[in-house]
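The following note is offered to a colleague who has the sequence and the coordinates at hand. It proceeds from the chain as a whole to selected strands, pockets and cysteines.

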Amino acid sequence: MCSFSEAQDSLSQWRAYGCGESGFAIGFPADLLTSAAAIKQWYLAPCIYDPVRQRAIVRSLVQEVLEENISRASGGEASEIEDEHLFSPAMAGNLLPYLNRYAPILKDESFRDEKEWRVISRPLFCSSTAFDFREGKSLLIPFSKFPLFGDNLTFGVHKIVIGPTPDHARSQSSVVSFLMRERLLKGLEVPVEISKVPYRAW
């Protein structure tokens, strides 16, 4: 998964993900994220925090899997396993793909303020050339890159918000200078705003 948020200037996000005495929220165009996910054959979806909607989705998935298995059994495609207490992955129908698609977007309602969207991949394996590792605090963290530029993608930044910092003016100036050097501002206006959250981490 790769996580994003609708909240561009959130106290809880600065507290959780701000780096030391500062942090930056980078806003990407929605169509860029959608296209990048489609190229990888992944998908972009909002997290669901409402317990009522979550239960409705789970009931629907269970019903779908049951109907698939009943249909398979009535069509004469019964499992060759004689022991009824043994389980075969084939007996699950589309349960595993459904779990991979929906489980990552069902979150506890206490996280509602995050307004999170997730890019969700198909199952990835360490033997894949796209699979990589990076250093964590206590272990190696597996990951797969999610490119936002390429032959079929036009990279873009919608907005940058500078998190709470003791030196707003110089931080904003340095970000604008960086964007100019990287030519993101050449023919493309990228607003650089300062957080309105009265939070101090210094």
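1. Contacts across the sequence. Among contacts in the chain between residues at least 6 apart in sequence, 73% join residues at least 24 apart. The reader should bear in mind that this is a predicted model. One pair may serve as an illustration: Phe4 and Glu116 are separated by 112 residues in sequence, whereas their C-alpha atoms are 5.7 Å apart in space.

2. Overall composition. The secondary structure of the chain amounts to five helices and eight strands. Followed along the sequence, these elements give the pattern β-α-β-α-β-α-α-β-β-β-β-α-β. The chain has 202 residues, of which 27% count as buried.

3. The surroundings of Phe4. Phe4 belongs to strand 1. With a relative accessible area of 19%, Phe4 is classed as buried, because the class requires a value under 20%. Leaving aside residues up to four places away in sequence, Phe4 touches Phe28, Leu33, Lys115, Glu116, Trp117, Val119 and Phe146. Phe4 is also among the residues that lie nearest the centre of the largest pocket.

4. Strand 7 and its partners. On which sides of strand 7 do Lys159, Ile160, Val161 and Ile162 lie? Lys159 and Val161 point one way, Ile160 and Ile162 point the other way, and all are buried. In a regular strand, side chains alternate between the two faces of the sheet. Strand 7 is joined to strand 2 by four bridges, and the two run antiparallel. Strand 7 is also joined to strand 8 (residues 192–194), here by three bridges and in parallel. Ile160 has a residue opposite in each partner: Ile26 on the strand 2 side and Val192 in strand 8.

5. The largest pocket. This pocket has a volume of about 1000 Å³. Its lining comprises 32 residues, and Ser3, Phe4, Ser5, Ala25 and Ile26 are the ones that lie nearest its centre. At least two lining residues come from each of strand 1 (2–5), helix 1 (11–17), strand 2 (24–27), helix 2 (30–39), strand 4 (116–120) and strand 7 (159–162). By class, the lining divides into 17 nonpolar, nine polar and six charged residues.

6. The second largest pocket. The volume of this pocket is about 310 Å³. It is lined by 14 residues, with Met1, Cys2, Pro142, Phe143 and Ser144 lying nearest its centre. Strand 5 (131–135) and strand 6 (140–144) each supply at least two of the lining residues. The largest share, four residues, is that of strand 6. The classes here are 10 nonpolar, two polar and two charged residues.

7. Cysteines. How many disulfides does the model contain? Taking a pair of cysteine sulfur atoms within 2.5 Å as the criterion, the count is zero. Two cysteines may be described by their accessibility. Cys2 counts as partly exposed, because its relative accessibility of 26% falls between the 20% and 50% limits. Cys126, at 62%, is exposed, since its value is over 50%. Cys2 is, in addition, one of the residues nearest the centre of the second largest pocket.

Note on methods
Residues are numbered from 1 along each chain as its sequence is written. This is a predicted model: local features need pLDDT of at least 70, side-chain atom pairs count only at pLDDT 80 or more; totals for chains, interfaces and linings use all residues. Side-chain values use heavy atoms; hydrogens and water are left out. Buried means under 20% relative accessible area, exposed over 50%, partly exposed in between (1.4 Å probe, protein chains only). On a 1 Å grid over the protein atoms alone, a cavity is a set of points where a 1.4 Å probe fits but cannot get out, and a pocket is an open set with protein on both sides within 12 Å along at least five of seven lines; lining residues have an atom within 4 Å of a point. Grid points are joined across faces, edges and corners, and a volume is the space filled by probe spheres set on the points. Ala, Val, Leu, Ile, Met, Phe, Trp, Tyr, Cys and Pro count as nonpolar, Asp, Glu, Lys and Arg as charged, and the others, Gly among them, as polar. Two strands pair if DSSP finds at least two bridges between them. Contact means heavy atoms within 4.5 Å.
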